[in-house]
Amino acid sequence: MANTITGTLEGAPENPEENKQNRNPLDNPGTANKSDDSDFIKNLVSESGAKNQNILEAAPEVDQSLIEEVAPPASVLVVLLKAAFGLLVIGGIASFGFFALQLTDYLQVINQRLDIPNIAADLSAKNQEIVSIQTNINFYRYLQAKAYLDKFSYDADSYIQNYEIYNSLTSSKADRDKAKQAMADSRPLLKESFLAARGKLILPLSHSLVVNNVSDSSDPFAISVSPDQQFIDGTVGKLRSKADELANSTDAAAKLDYKNYLYAANLVGNNALRQIVAAIDFDKLSDEELYDAIRLVDLLAVNDFSIIQKIKEFRVKWSDIIHEIDLRTIIADENYTKDNYDSYGGIRYTSYSFDTDSRQISVVGETRKNDTTTFTTISNLIDSLNKSELFEGAEMRSFSKSGSDLEGYTSSLRISFYLKNLDQEVQNQAAAAASQNVTNEPDLSEDDSMMGGDLLGM
Amino acid sequence: MENLSYKLIVQHQATQKKVYAFLCLVILIAVGAYSYFQWQKYLNVKDGIMTDDVAIAELNNSLTDEKNAYFTNKANFDALNKTIDGNSSNILPKGDQYTELTRQMDAIEDELHKVGAFEISNIDYGSPVFDEALGFGTLPVRMNIKSSQENFIKFLHMMETSGSFANTLRLMSISSIRLTFEKGGIMSGSKMITFSLQLNAYFQK
């Protein structure tokens, strides 16, 4: 700062003369008016001859450009929030990555490259291992069940034959007694094989699986079919594949094994058979109930025995039908025997005609009486046939007579009638038993029809 | 004096605080919920693996038992199979085997003829038909027979009980019968019957 008269900024003058000159007149107010002071004052206001000089220089101007460059200080909170945001995003990605690696197959490539275990895949693999082991268990179990059922059916064949002989209307007493004894003798064998078969059939086919997330359709490790069906399909598949390996073999033993595998596969998932077998209390079965049970098991098992049984189910016992015709004829003609006609008259048949397909029976013959009531005899015969439990629809619409009081009167008869459809009832019962879920004890019918008795009614 | 840009910056900072705070909250909730549920799933899967390990050990024991039981009895099973197959071949032969059936009919005739009149005058075989759906085939047979009444009933019994492992007679069923009683008879008190019989003999593939 130039010309600093007061010397405040540049330092005090160094000599007295200067001091005197520089002395502030305001410091000595008494002497303010003195001429020394006036000189001083003059000196104050004038210097080097310059006129009108400022004490202070112009006020400094504020450089606004500097202020413009100053930003507000950074907010610590914003920084912290940004950091937190970043950490959360990273944490989220890490979390997703971890669980994706462990529970899904989205990052399967990374799992494989870095050999990182995926526990969902591990669980799925263990489930598959359980399915595989249980399938193998079922495989051996059902081969045994098939074998025990075969034994049961094989032993039961003689039981069935003896039962039918025992209950036949035309069997002799000796044959009936022999058949009864044979039935009793075969019971222990039947029980042994039946219980062995049941022991295998009633065991569960499936095993509980820990499922990752069945309800999540996006879960790649979810099981797509019901667990029980998976075991059934696996077991059937294994048995059938074993059968396929032997399908074209010409070796006799291989052909037998081929059939074994196929029939065992038919048993798997056969719930009707399993339920029937589980429901039967063998010791409490009567002869007829055992007979019905054997037939039902043979029908449901779907093997060679079931084919044979099916054919036998629909066989008609014509010998018993002929016997029933004789019984009905005796009701219409009390003297009816085949040898008394010439002596006493009555009814005599000259021919029978039976047809299984149409279930129609025709009888042709004649009736002879000493009086004129041959038509009554024929009518009585028709009514008697219609009252039979086995027949229906017996009719004859045209009657004729010839003869005289001396020789007696003769009428020809030609009656057609039909077997009642008991076979259809048997077939329906078998089909119903095969399709129903049995939850109660079987209703074992006591009906002893000629066609072989009633099936277990369920 | 603050200028406009300074104010804008301050305002921007305030907005950032709000936005980041909001984002942090949202992400925290989302990541937290996701992690929680996935962790539960993870724990369930781990428990499941432990459960499966126990189950696998038990099943392996059961498998060993079943295999042993099967192979122990396999020889008996195979022997029974062979017996059944052999007997089945008699009652439900492979193929129509009509010559074997003819021999059986001759044997029946011979047996019944010893105790009374029984004569098969002719046998006619129709074309065999195999039903894939049913699993068996049918061979139609027509016979004309002359017989005593007793033998006629016995013959009917044989047909009705055929297909049994006990008698090894071929499985047959009677389709139709036409019979005629003759007056008088060969044996006293016994009528002769002439009957025409149509029956089905069954076979497997």
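This passage looks at how helices pack in chain A and how chain A meets chain B. The model is a predicted one, so to speak only of what it supports, local features need pLDDT of at least 70 and side-chain atom pairs count only at pLDDT 80 or more, while totals for chains, interfaces and linings use all residues. Residues are numbered from 1 along each chain as its sequence is written, chains are lettered from A and ligands numbered from 1 in the order in which they are written, and side-chain values use heavy atoms, with hydrogens and water left out.Within chain A, helix 6 (residues 119–167) meets helix 11 (residues 287–301), their axes coming within 10 Å and crossing at roughly 130 degrees. Helices here are DSSP runs (H or I, at least four residues; strands are E, at least two), numbered from the N terminus. Axes are lines fitted to C-alpha atoms, for helices over the stretch in contact, with angles running from 0 to 180 degrees between N-to-C directions. The crossing angle makes helix 6 of chain A oblique to helix 11 of chain A; angles under 35 degrees count as roughly parallel, over 145 as roughly antiparallel, 65 to 115 as roughly perpendicular, and the rest as oblique. Helix 6 of chain A passes helix 11 of chain A in a left-handed crossing (the near helix is turned anticlockwise from the far one by less than a right angle; clockwise would be right-handed). Residues in contact (heavy atoms within 4.5 Å) include A:Phe152, A:Ala156 and A:Tyr163 from helix 6 of chain A, and A:Leu290, A:Ile294 and A:Val297 from helix 11 of chain A. By class, this contact has ten nonpolar, one polar and five charged residues; Ala, Val, Leu, Ile, Met, Phe, Trp, Tyr, Cys and Pro count as nonpolar, Asp, Glu, Lys and Arg as charged, and the others, Gly among them, as polar.

Helix 11 of chain A also packs against helix 10 (residues 271–279) of chain A, with axes within 9 Å and a crossing of roughly 155 degrees. These two helices of chain A, 10 and 11, are therefore roughly antiparallel. Their crossing is left-handed too. Helix 10 of chain A brings A:Ala272, A:Leu273 and A:Ile276, and helix 11 of chain A answers with A:Leu296, A:Val297, A:Leu300 and A:Ala301. That contact is made up of seven nonpolar residues, with no polar and no charged ones.

Turning to the two chains, 83 residues from chain B and 85 residues from chain A take part in the contact. About 7400 Å² is buried between chain B and chain A, with carbon and sulfur atoms giving 67%; buried area is the accessible area (1.4 Å probe) that two parts lose on being put together, summed over both. On the chain B side, B:Leu59, B:Glu66 and B:Glu160 lose the most area to chain A, together 9% of what that side buries.

Helix 4 (residues 76–103) of chain A packs on helix 1 (residues 4–91) of chain B at about 20 degrees, the axes 9 Å apart. That angle makes helix 4 of chain A roughly parallel to helix 1 of chain B. Their contact divides into 22 nonpolar, seven polar and three charged residues.

Salt bridges (a side-chain nitrogen of Lys or Arg within 4 Å of a carboxyl oxygen of Asp or Glu) number 22 over all chains, and three are counted between chain B and chain A. A:Lys126 and B:Asp53 meet through their side chains in a salt bridge (2.9 Å, N to O). A:Asp150 and A:Lys146 form another salt bridge, at 2.5 Å, N to O; both lie in helix 6 of chain A, four residues apart, about one turn of the helix.
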